[in-house]
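Reader: Please show me the model, and then let us go through how the chain is packed.

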Amino acid sequence: MLDQLSDSPADAHGIAIIGMAGRFPGASDLPTFWHNLCAGVEAITRFRDADLRAEGEDPALLQHPHYVNAGGVLDDIAAFDAAFFGCTPREAEILDPQQRLFLECAWEALEQAGYIVTDHAPPIGVFAGTGISTYFLTHLYQNPDVLNTIGKFQLLLSNDKDFLPTRVSYKLNLRGPSVSVNTAGSTSLVAIHFACQSLLNAECSLALAGGVSVRVPHRVGYWYHHGGVHSPDGHCRAFAADAAGTVPGNGVGVVVLKRLAEARADGDPIHAIIRSSAVNNDGAERESYTAPSVAGQAAVIAEALSLAEAAPHTITYVEPHGNATAWGDPTEIAALTQAFGSSKQRGWCAVGSLKTNLGHLDAAAGVAGLIKTVLALQHRQIPPSLHCAQPNPEINFAATPFYVNTRLRDWPAGPTPRRAAVGGLGIGGTNAYVIVEEAPPAAPAAPSRPWHLLTLSAQTPSALDTLSAQLAAHLAAHP
């Protein structure tokens, strides 16, 4: 049935991605992120014993064979432009770094989309989720001076999961729905789904959606348990014969969404189109609470394809959850194969996992995968998925539409626009899938003057100098 569905874009139901921002291991901006992906960079940091001891790790623990001194870390997690957001130094000090980073990326994403917020701006929604505040647990709660001077309630407001989106709405003066979403590893993709629904229901005119996960202490390793989700050696080998788990990672990602018809009418920069999104749960028909389900995943993928009115053969790249566990990868490929249905053709759809580059970003994993896929659509290239010399023998790729993309390759055009699927799974069984399509061709630019005045603004002279230098570097790189 799906093969007979229309492949024409549906402006009435499409959602445009008009802005993006993110900070990921090894990349403080998206151009660096894309460069690293194309170069096959594994941005996992190996920690020295001296650094681990400085972070407070037990020296005896470092010698244990099951302690893995690796992780995907961000630079400068303590840096925050407090004055820009009207925060006092004390307020900034007790604010969870996850909230600080997400707030900065929310502003950057709106700025990249070409929007500033005024008192008369239309409603802008915020849909986001965060990891648990380890900053609160390890740094603030154990400090009696902070507890006595600030109080438990204020510490709660600055660190609890519930208050990430509403703090963004408060600091940026956003008046649309502001909703916290928490579904473990599928958090940010579920947040994007709800943001799309809110836009389609006309609850807001723009929506910020994404997630953030930052552990404190930041530069520490993790404990390996045989049969668990973590890798024994600090490498994530998704879909590979020697896959043994993932690596904890840290990151933040935000996308700005708008109804496609309005984005096109307003001349917004459209990075890609979300054709559809779907969310479900595996229910009880699985081996355990933490185990994935073929049936549940296949159902959510099939629903996303049906809502997108996109035939499976038009999807030529999939960015699944891909956490390199012995049971997770085969389950995902089996679910994708079931949802895509029978076909005489084999091996026409690439798959890859961002976790092989960065580790598992938890609440930020889904939005990171979406941003990777949008950049791939824009550049018309598919980056390599790392560490898959031999495919997992539990996955018979030869009997599926899929192959693991292990090198940078061009993404050729077809009879329909380039399309991809992005998946996210959460412990507890909440699955999400998004069908994303390359942006439509931009309308021809009208004739213009040979010279233009570029006006810049910033809150401080040093910030203006930095902005000017960044613009000059951009124009030099993109004449």
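Author: One term comes before the rest: buried means under 20% relative accessible area, exposed over 50%, and partly exposed in between (1.4 Å probe, protein chains only). Helices (H or I, at least four residues) and strands (E, at least two) are DSSP runs, numbered from the N terminus. This is a predicted model, in which local features need pLDDT of at least 70, side-chain atom pairs count only at pLDDT 80 or more, and totals for chains, interfaces and linings use all residues. Residues are numbered from 1 along each chain as its sequence is written, and side-chain values use heavy atoms, with hydrogens and water left out.

Reader: Why is helix α9 largely enclosed by the rest of the structure?

Author: Helix α9 spans residues 164-172. Its buried residues include Leu164, Val168 and Leu172, and their cover includes α5 (97-113), α8 (152-159) and β7 (206-213). The helix is largely enclosed because the buried residues number seven of the nine.

Reader: Which residue follows α9, with a positive phi?

Author: The phi of this residue is near 60 degrees. The residue is Asn173.

Reader: Which helix gives the largest share of the largest nonpolar core?

Author: A nonpolar core is a set of buried Ala, Val, Leu, Ile, Met, Phe, Trp, Tyr and Cys residues joined through side-chain atoms within 4.5 Å. The largest one has 49 residues, and Ile371 is among those with the most contacts inside it. Nine residues of this core come from residues 365-379, which form helix α15.

Reader: Which residues of β9 does Ile371 touch?

Author: Contact means heavy atoms within 4.5 Å. Residues up to four places away in sequence are not counted, and the partners of Ile371 include Met20, Phe24 and Phe33. Strand β9 covers residues 251-259. From that strand, Ile371 touches Gly253, Val254 and Val255.

Reader: Which strands stand at the edges of the sheet?

Author: Two strands pair if DSSP finds at least two bridges between them. The open sheet has eleven strands in the order β6-β5-β7-β9-β1-β10-β17-β16-β11-β12-β14, with mixed pairing. An edge strand has a single partner, so one side is left without a neighbour in the sheet; these strands are β6 (178-180) and β14 (402-404).

Reader: What is the bridge partner of Gly22 in β9?

Author: Strands β1 (residues 15-23) and β9 run antiparallel and are joined by eight bridges. In β9, Gly22 is partnered by Gly253.
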